[in-house]
Amino acid sequence: VDLREELRSLYFDALLLQKIDCSREDNEKYRQLLKNNEPLPNGVYEYKISGVDEYKMPAGEGSGTFYTIYQPELTQEEKLEYITFKQLKMISTIKSCVVFFATLTAISLAITAIAVISLMSNM
């Protein structure tokens, strides 16, 4: 497992890095560069085809669409603050789910108790 790649993926998931799609004209220009076996400019990347091992892919067989990476200019303190607030939001969501399922369980127990009592009284 490549830890740098994993960390980069987490940065994308947390929106601390964002992919900006290249224009149609730029995509065409970059395809031509790859066709001529020239390197892509710094900061330009080709989208990978999902499910295909890039090391087994023949040269020039990429997706043909490209992106650049935008990194918001945040200080380390701002990044930590952002992550903390995101965690609080996720915890709030988990709490809401727990309350929902606890309420659902209580209602089903109450209905079951009423059904059992009504069955016993009919006997």
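Is N37 buried or exposed? Hold that thought; point 6 picks it up.

1. First, a caution about what you are looking at: this is a predicted model. Keep that in mind as you click through the points below.

2. Let's start with the overall layout. The protein has three helices and three strands, and if you walk along the sequence they come in the order α-β-α-β-β-α. The chain has 123 residues, and 12% of them are buried. As for who touches whom, take the contacts between residues at least 6 apart in sequence: 59% of these join residues at least 24 apart.

3. Next, the inside. Which residues make up the largest nonpolar core? There are five of them: C22, Y30, L33, V44 and F66. V44 is a good one to click on. Leaving out residues up to four places away in sequence, V44 touches Y30 and F66, which are also listed in that core, and V44 touches Y67 and T68 as well. C22, another member of the core, has a relative accessibility of 13%; buried means under 20%, so C22 counts as buried.

4. While we are on cysteines, how many disulfides does the structure hold? The count is zero. Compare C22 with C97 if you like: C22 is buried at 13% relative accessibility, whereas C97 has a relative accessible area of 40% and is partly exposed. That label fits because partly exposed covers the range between 20% and 50%.

5. Now have a look at the second largest pocket, which holds about 150 Å³ of space. Its lining is made of L7, L10, Y11, D13, A14, L16, Q76, K79, L80 and I83. The elements giving two or more residues to that lining are helix 1 (3–13) and helix 3 (76–122). What kinds of residues are these? Seven are nonpolar, one is polar and two are charged.

6. Two residues have a backbone angle that deserves a second look. L15 has a phi near 65 degrees, which is a positive value in a residue other than glycine. L15 sits in the loop between helix 1 and strand 1, and with a relative accessible area of 46% it is partly exposed. N37 also shows a positive phi, near 60 degrees, and it too is not a glycine. N37 belongs to the loop between helix 2 (24–35) and strand 2 (44–46). Back to the opening question, then: N37 has a relative accessible area of 70%, and exposed means over 50%, so N37 is exposed.

7. Right after L15 in the numbering comes L16, in the loop between helix 1 and strand 1 (18–21). Why does L16 count as buried? Its relative accessibility is 8%, and the limit for buried is under 20%, so L16 qualifies. L16 has plenty to touch: beyond the residues up to four places away in sequence, its contacts are Y11, Y70, Q71, P72, L74, K79, Y82 and I83. Try Q71 from that list. L16 and Q71 are 55 residues apart in sequence, yet their C-alpha atoms are 6.4 Å apart in space. L16 is also one of the residues lining the second largest pocket, as are Y11, K79 and I83.

8. Last stop, K86, which lies in helix 3. Setting aside neighbours within four places in sequence, K86 is in contact with D13 and A14, and both D13 and A14 appear in the pocket lining from point 5. The C-alpha atoms of K86 and A14 are separated by 8.7 Å, although these residues are 72 apart along the chain. Is K86 buried, exposed or partly exposed? At 27% relative accessibility, K86 falls between the 20% and 50% limits, so the answer is partly exposed.

Definitions and conventions
Residues are numbered from 1 along each chain as its sequence is written. This is a predicted model: local features need pLDDT of at least 70, side-chain atom pairs count only at pLDDT 80 or more; totals for chains, interfaces and linings use all residues. Side-chain values use heavy atoms; hydrogens and water are left out. On a 1 Å grid over the protein atoms alone, a cavity is a set of points where a 1.4 Å probe fits but cannot get out, and a pocket is an open set with protein on both sides within 12 Å along at least five of seven lines; lining residues have an atom within 4 Å of a point. Grid points are joined across faces, edges and corners, and a volume is the space filled by probe spheres set on the points. Helices (H or I, at least four residues) and strands (E, at least two) are DSSP runs, numbered from the N terminus. Ala, Val, Leu, Ile, Met, Phe, Trp, Tyr, Cys and Pro count as nonpolar, Asp, Glu, Lys and Arg as charged, and the others, Gly among them, as polar. A nonpolar core is a set of buried Ala, Val, Leu, Ile, Met, Phe, Trp, Tyr and Cys residues joined through side-chain atoms within 4.5 Å. Buried means under 20% relative accessible area, exposed over 50%, partly exposed in between (1.4 Å probe, protein chains only). Contact means heavy atoms within 4.5 Å. A disulfide is a pair of cysteine sulfur atoms within 2.5 Å.
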